[in-house]
Amino acid sequence: MKNLLGYLGFVLILGGGSGLLSDRLGGFRLFGLVRFLVPDGHETAGYAVLLVLGVLLAIPAARQG
């Protein structure tokens with residue numbers, strides 16, 4: 001279970017971070033899949049939520065291992 005939380009947290013951190021970078025820099029798409037998780041018009045807030053959610057999932061996985 002901790003491995004699953006760790007991997008999911010890692011993907012969400014990378015997706016949220018790359019989404020914020022693409023929102024600020026324009027045209028930089030590393031993880032195209034996460035753009036389907038964020039509603040149109042709320043990209044910055046949505047990617048920030050993904051980033052925070054990824055950190056919150058990764059913390060318990062790191063404490064257990």
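This is a short group-meeting talk walking through a predicted model of one protein chain.

Okay, so keep in mind that what's on the screen is a predicted model. Let's start with the overall picture. The protein chain has 65 residues, and 22% of them count as buried. It has two helices and zero strands. If you box up the C-alpha atoms along the principal axes, you get roughly 35 × 20 × 15 Å. The exposed surface comes to about 4,600 Å², with carbon and sulfur atoms supplying 68% of that.

Let's go from the front. Met 1 sits in the segment before α1, and α1 itself covers 2-25. Is Met 1 buried or exposed? Its relative accessibility is 75%, and the cut-off for exposed is over 50%, so Met 1 counts as exposed. To get a feel for the distance along here, take Met 1 and Gly 19: they're 18 residues apart in sequence, and C-alpha to C-alpha they're 27 Å apart in space.

Now α1. It has 24 residues, and from first C-alpha to last it reaches 34 Å, close to the 34 Å you'd expect at 1.5 Å a residue. Which residues of α1 are buried? There's Gly 9, Leu 12, Gly 15, Gly 16, Ser 18, Gly 19 and Ser 22. Part of what covers them is α2. Then, just after α1, look at Gly 26, which takes a positive phi of about 80°.

On to the other helix. α2 runs over residues 43-64, which is 22 residues, so at 1.5 Å a residue it should span 32 Å. The end C-alpha atoms are indeed 32 Å apart, so that agrees. The buried residues here are Gly 46, Tyr 47, Leu 50, Gly 54 and Ala 61, and they pack against α1.

So what makes up the largest nonpolar core? Five residues: Leu 12, Val 34, Val 38, Tyr 47 and Leu 50. As a general point, nonpolar side chains in soluble globular proteins tend to be buried together.

Leu 12 is a good one to click on. Leaving out residues up to four places away in sequence, Leu 12 touches Leu 50, Leu 51, Leu 53, Gly 54 and Leu 57. Two of those names should ring a bell, since Leu 50 and Gly 54 were on the buried list for α2.

Last thing, on contacts across the chain. Take the pairs at least 6 apart in sequence: 58% of those contacts join residues at least 24 apart. Okay, that's me done.

Conventions:
Residues numbered from 1 in each chain as written. Predicted model: local features only at pLDDT ≥ 70, side-chain atom pairs only at ≥ 80, totals over all residues. Heavy atoms only, no water. Core = buried A, V, L, I, M, F, W, Y, C linked by side-chain atoms within 4.5 Å. Buried < 20%, exposed > 50% of the residue type's maximum accessible area, 1.4 Å probe, protein only. Contact = heavy atoms within 4.5 Å. Helix = DSSP H or I, 4+ residues; strand = E, 2+ residues; numbered from the N terminus. Areas by Shrake-Rupley, 256 points an atom, 1.4 Å probe, with all protein chains shown as cover. Expected span 1.5 Å × (residues − 1).
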